[in-house]
Amino acid sequence: MKAIGLLSGGLDSSLAVKIIIDQGIDVEALKFTSPFCNCDQGGHCFSASMADDLGIKLTNIPKGQEFLDIIANPRHGYGSGMNPCIDCRIFMLKKAGEYADACGAAFVFTGEVLGQRPMSQHRDALRLIEKESGLQGKLLRPLSAKHLPETEAEKNGVVDRKRLLSITGRGRKELMSLADFYGIKGYACPAGGCLLTDKHFASRLKDHLAQKGSLNAHDVMLLKKGRHFRFGELRFILGRNETENNFLKKIFRKDQTLLEPVNVNGPTGLICGNIPGRDVLDVISSIFASYCDGVSPDVDIRITVNDTPKIISGVRAERSLFADLAV
Ligand code: SF4
């Protein structure tokens, strides 16, 4: 008998996997990846190492453009940031259900805990997610199962309900002592896993969606880097370090405008949107000059549009003057 578990590499999902393995069920795990996931800090993939420790197969599934469309227009709204947690869970579990069908697995399970997260783990949300993912009766939450309706796997004896748990709420103590009991170590820290919950990033993303109404992979790459300034439909991005400067040079497209300092050290700038008029370009070049090294009041800037570079001059000013334009 086989089951499919969602494995983020955090404590809850790792425990859920262990509990199901301990019932003699063959577990295969899925990890959903997106550019908003901060779990794998320092290049370490917690899901992969946990799957190794637990001796199970792990398959990575990129969430792709479908998820970006959901972020732009979630049916069930956002959490504290721009995190569409209910739609995100529905999306992942739909995919997990398809995967389970394709490999003949009897059910899908997660490490969700009733009442742990305000948006997606209260009773009504868990019910809604189960229904809209098409997994009615086939979605097991082993950590809180005794507070939830019996699933098909429990009814038909594939899973022993008596050996499932009745954990609720936000406390970590019980979960951590279970991890000690099972010898589970090296799980991902629960804090800061999803960039969509980060206040600063969320406000930048919100600003982007208010202007553009949609989101693609290129937009996300840009939103994650640099200082951003908004001029109507136009966005100006300034690299904050060498890595970001090189990144902006690399992804610069013909429909964008690139700014580079001449004869001084300074950032790389990228204007996304139509070529700005003289007034806006004056402000942009002034912002740019204000972030360059040196003391002379003017800075020469190489500006490249449609593959044609030219030199313009930017006038330094107090950076605080541009605070209202920052997003
Ligand atoms: S926190 Fe992020 S990854 Fe987690 S459910 Fe919400 S949107 Fe999805």
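## A tour from strand 7 to the ligand

Begin this predicted model by selecting strand 7 and strand 9, the latter covering residues 269-272, which pair in the antiparallel sense over four bridges. Within this pairing, look for phenylalanine 236, which stands opposite isoleucine 271 of strand 9.

Keep strand 7 selected and add strand 6, residues 227-231, which also pairs with strand 7 in the antiparallel sense, here over five bridges. Arginine 227 is found opposite leucine 238 of strand 7. Moving to the turn of this hairpin, where two residues lie between the strands, you can select glycine 232, which takes a positive phi near 60°.

Now show the surroundings of strand 7: five of the five residues in 234-238 are buried, so the strand is largely enclosed by the rest of the structure. In a regular strand, side chains alternate between the two faces of the sheet. Here both faces are covered, with Leu234, Phe236 and Leu238 buried on one side, and Arg235 and Ile237 buried on the other.

Next, return to strand 9 and pick cysteine 272, which counts as buried because its relative accessibility of 13% is under the 20% limit. The structure holds zero disulfides; cysteine 272 is accordingly in none, and the nearest cysteine sulfur, that of cysteine 292, is 18 Å away.

Finally, select the ligand and the residues around it, which are Lys63, Asn83, Pro84, Cys85, Cys88, Arg89 and Cys194. This shell divides into four nonpolar residues, one polar and two charged. One of its members, cysteine 194, is partly exposed, with a relative accessible area of 31%.

Terms used. Residues numbered from 1 in each chain as written. Predicted model: local features only at pLDDT ≥ 70, side-chain atom pairs only at ≥ 80, totals over all residues. Heavy atoms only, no water. Buried < 20%, exposed > 50% of the residue type's maximum accessible area, 1.4 Å probe, protein only. Pairing = 2+ DSSP bridges. Near = heavy atom within 4 Å. Nonpolar A, V, L, I, M, F, W, Y, C, P; charged D, E, K, R; others polar. Disulfide = S-S within 2.5 Å.
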